Amino acid sequence: MKLLIFISNLLLFTFPIYLFGNQTNKTEIRNLKILNEGDSVLAIYFDIVNFKKAEHFDIELNAKFQAGKSIDVLALSGDLFGISGGNGKKIRWNISKDIYDFNGFLSLKLKLTSTLGNSFQTEAKLVKVFVNNAVEETENLDPNNELLSDIEWIKPNTRNTTVTQKQLSIQACIRPKTEVSEINLYLNNKFVPNTRGFKPIEGNCKIAVKNEFELNEGLNEIRLEIIDKQGNKTENFILVTYTK
């Protein structure tokens, strides 16, 4: 009987130590630092600690405006997918590709997901950013350049616009200088399949690009890419902000 009481007391004493010891050894992100790296770019440094040898991780950046609206973060590079644990990890966020003209604070969190099913999210950090997103005209403006195509947006017909409808119809006119090999359309760097075809229309427009798709809430970049038989590429984009 005394032996059973001794074993019971021993288990009661050692179990909390085992439990709390495991809690302190969970994989997590530490030493998170977020620094401005030039105009409209953030450098995010962090360490992954208490990891297992065969464990790998995916990293996700969650960003919100101070008012609470989430940002669709796309323009990331660096240590993001299938990375091992350890110190000195870094990712870069080119904010100017995801936010148009902003001066204020953003709330940022890093989320870590392990191949072993574990996950961890950091506390939110407020970061002051300034985005002066000057839109560049990327179509061919030189009529004497025989290698590139001219691209004109017909619908929408402005470079930066705001809409309240999730469904968007676009139309662009392409005037190629040489034979076209590919016409590709991208929404936020994701390929949009051609559903309407490429046909000539009345006037001086040799090829018309038409399509319909759903916008993401917030800022959307719609990019048209033309590649000719020689591999020369012309790109042109518009920015459309969708608000409910």
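**Figure 1. Arginine 92 and its salt-bridge partners in the predicted model.** At 32% relative accessibility, arginine 92 counts as partly exposed. This close-up, like those that follow, is drawn from a predicted model. The side chain of arginine 92 meets that of glutamate 37 in a salt bridge, with an N to O distance of 2.6 Å. Arginine 92 belongs to strand S7, whereas glutamate 37 lies in the loop between S1 and S2, so the pair ties together parts that are 55 residues apart in sequence. Glutamate 37 is likewise partly exposed, its relative accessibility being 28%. A network of salt bridges links Glu37, Lys90 and Arg92. In the structure as a whole there are seven salt bridges.

**Figure 2. The largest nonpolar core.** This core has 28 residues. Those with the most contacts inside it are Leu42, Ile44, Phe46, Trp93, Leu106, Leu108 and Leu110. Two or more residues each come from strands S1 (28-36), S2 (41-49), S3 (56-65), S7 (86-94), S8 (102-114) and S10 (125-131). Of these elements, S8 gives the most to the core, with five residues. A second, separate core of 21 residues includes Trp153, Val163, Leu168 and Ala172.

**Figure 3. Surroundings of leucine 108.** Leucine 108 is one of the residues with the most contacts inside the largest nonpolar core. Residues up to four places away in sequence are not counted in the contacts given here. Leucine 108 touches the nonpolar side of its surroundings through Ile34, Leu42, Leu61, Ala63, Trp93, Ala124 and Val127, among others. Its contacts also include Asn62, Glu123 and Lys125.**Figure 4. Isoleucine 59 in strand S3.** Isoleucine 59 has its place in strand S3. With a relative accessibility of 4%, isoleucine 59 counts as buried. The C-alpha atoms of isoleucine 59 and leucine 80 are 4.8 Å apart in space, although the two residues are 21 apart in sequence. Leucine 80 is also among the residues that isoleucine 59 touches, when residues up to four places away in sequence are left out. The other contacts of isoleucine 59 on this basis are Phe46, Ile48, Asp79, Ile83, Leu110, Lys111 and Leu112. Phe46 and Leu110 are also listed among the residues with the most contacts inside the largest nonpolar core.

**Figure 5. Strand S12 and its pairing with strand S19.** Strand S12 comprises residues 160-163 and has a covered face and an uncovered one. Thr161 and Val163 make up the covered face, whereas Asn160 and Thr162 make up the uncovered face. Val163 is one of the residues of the second core. S12 pairs with strand S19 (residues 233-242) in the parallel sense, over four bridges. Within this pairing, threonine 161 stands opposite valine 240 in S19.

**Figure 6. Tyrosine 186, phenylalanine 191 and the charged end of arginine 223.** The count of aromatic pairs in the model comes to one. That pair is formed by tyrosine 186 and phenylalanine 191 in an edge-to-face arrangement, with 5.9 Å from centre to centre and 70° between the planes. Tyrosine 186 has a relative accessible area of 17% and is therefore buried, the cut-off for this class being under 20%. The charged end of arginine 223 sits over the ring of tyrosine 186, at 4.5 Å from the ring centre.

**Figure 7. Salt bridges of arginine 223.** Side chains of opposite charge can pair when their charged atoms come close. Arginine 223 forms a salt bridge with glutamate 235, the closest N and O atoms being 2.9 Å apart. This pair links distant parts of the chain, with arginine 223 in strand S18 (residues 218-228) and glutamate 235 in strand S19, 12 residues apart. Arginine 223 also forms a salt bridge with glutamate 221, where the closest N and O atoms are 4.0 Å apart. Arginine 223 counts as buried, at 14% relative accessibility. Glutamate 221 is buried as well, with a relative accessible area of 18%, whereas glutamate 235 is partly exposed at 28% relative accessibility.

**Figure 8. The chain that frames these views.** The chain holds one helix and 19 strands. Of its 244 residues, 40% count as buried. Among contacts between residues at least 6 apart in sequence, 62% join residues at least 24 apart.

Definitions and conventions: Residues are numbered from 1 along each chain as its sequence is written. This is a predicted model: local features need pLDDT of at least 70, side-chain atom pairs count only at pLDDT 80 or more; totals for chains, interfaces and linings use all residues. Side-chain values use heavy atoms; hydrogens and water are left out. A nonpolar core is a set of buried Ala, Val, Leu, Ile, Met, Phe, Trp, Tyr and Cys residues joined through side-chain atoms within 4.5 Å. Buried means under 20% relative accessible area, exposed over 50%, partly exposed in between (1.4 Å probe, protein chains only). Contact means heavy atoms within 4.5 Å. Two strands pair if DSSP finds at least two bridges between them. Rings of Phe, Tyr and Trp (its six-membered ring) pair if their centres lie within 6.5 Å; planes under 30 degrees apart count as stacked, over 60 as edge-to-face and the rest as tilted. A charge sits over a ring if NZ of Lys or CZ of Arg is within 6 Å of the ring centre and within 35 degrees of the ring normal.
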